[in-house]
Amino acid sequence: MEIHTYTLGSYQTNCYIVSGDGKGCVVIDPADNGDAILRKVKSYGYTVEAIFLTHAHFDHILGLGRLVSLSGNVPVYLHKDEVKYLENAYLNLSEEVTGTPYTYFDNLHVLNDNDKISAAGVEFSVIHTPGHTEGSVCYRAGNTIFTGDTLFAGSIGRTDFPRGNYDVLISSLEKLKRIDEDCDVYTGHGRPSTLLYEKQFNEFMQ
Ligand SMILES: [Zn+2]
Ligand SMILES: [Zn+2]
């Protein structure tokens, strides 16, 4: 599996371009500038097969609409409890932070906990990890986990946004702690880590 990190947008969000077959790719969190993301995808020789959202805060979705239309209306996967954030500029914070409401409605495929998605030669499983938002998920592919704003290297996502809940996020981390194998952790912001390291040193994982 090839994983390319493309950090973009005013909040330095990590967009991941993931391919298992070297031809197709999944774009996780098209944070900003769909044109630039597609250029990056093409530079690796890939075509976009699907877009996955870890959650729908504005800083993870501002490139979404443009990337979907440039990529031939590929499917957009997100948890069922996250659809309302995508459709609501108050919940996704775009209105408050950027001053320009951003919403998106098309090609949505809703996910539940433990769902499996095969795309670009990779099998992903969905781990529902609410707390940062109600429909936040982590995507696991083998011993790699994309954690969005649920888990960062040495920290966790904020819970003081609309419908965030600290206690719920802490119990979501229990799900990640129950994974026995060590995994590479690719976060929504900042550097990557490993699950073993976070279990040992992240105070929120204790
Ligand atoms: Zn967020
Ligand atoms: Zn974020």
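These entries record what I looked up in a predicted model, from its strands to its nonpolar core.

I worked with residues numbered from 1 along each chain as its sequence is written, and with chains lettered from A and ligands numbered from 1 in the order in which they are written. Because the model is predicted, local features need pLDDT of at least 70 and side-chain atom pairs count only at pLDDT 80 or more, while totals for chains, interfaces and linings use all residues.

I looked up the open sheet and found six strands (DSSP runs of E, at least two residues, numbered from the N terminus) in the order β1-β2-β3-β4-β5-β6, with mixed pairing (at least two DSSP bridges between two strands). β1 (2-8) and β6 (108-111) stand at the edges with a single partner strand each, so one side of each lacks a neighbour in the sheet.

I then turned to β9 (residues 137-141), which is largely enclosed by the rest of the structure because four of its five residues are buried (20 or more other C-beta atoms within 10 Å of the residue's own, with C-beta atoms placed from the backbone). Four bridges join β9 antiparallel to β8 (residues 122-128), and three join β9 antiparallel to β10 (residues 144-148). I noted that Tyr139 is the bridge partner of Val126 and stands opposite Phe146 in β10.

Last, I looked up the largest nonpolar core (buried Ala, Val, Leu, Ile, Met, Phe, Trp, Tyr and Cys residues joined through C-beta atoms within 7 Å), which has 57 residues, and Tyr139, Val27 and Ile51 are among those with the most contacts inside it.

Methods
Buried ≥ 20, exposed ≤ 12 C-beta atoms within 10 Å, placed from the backbone.
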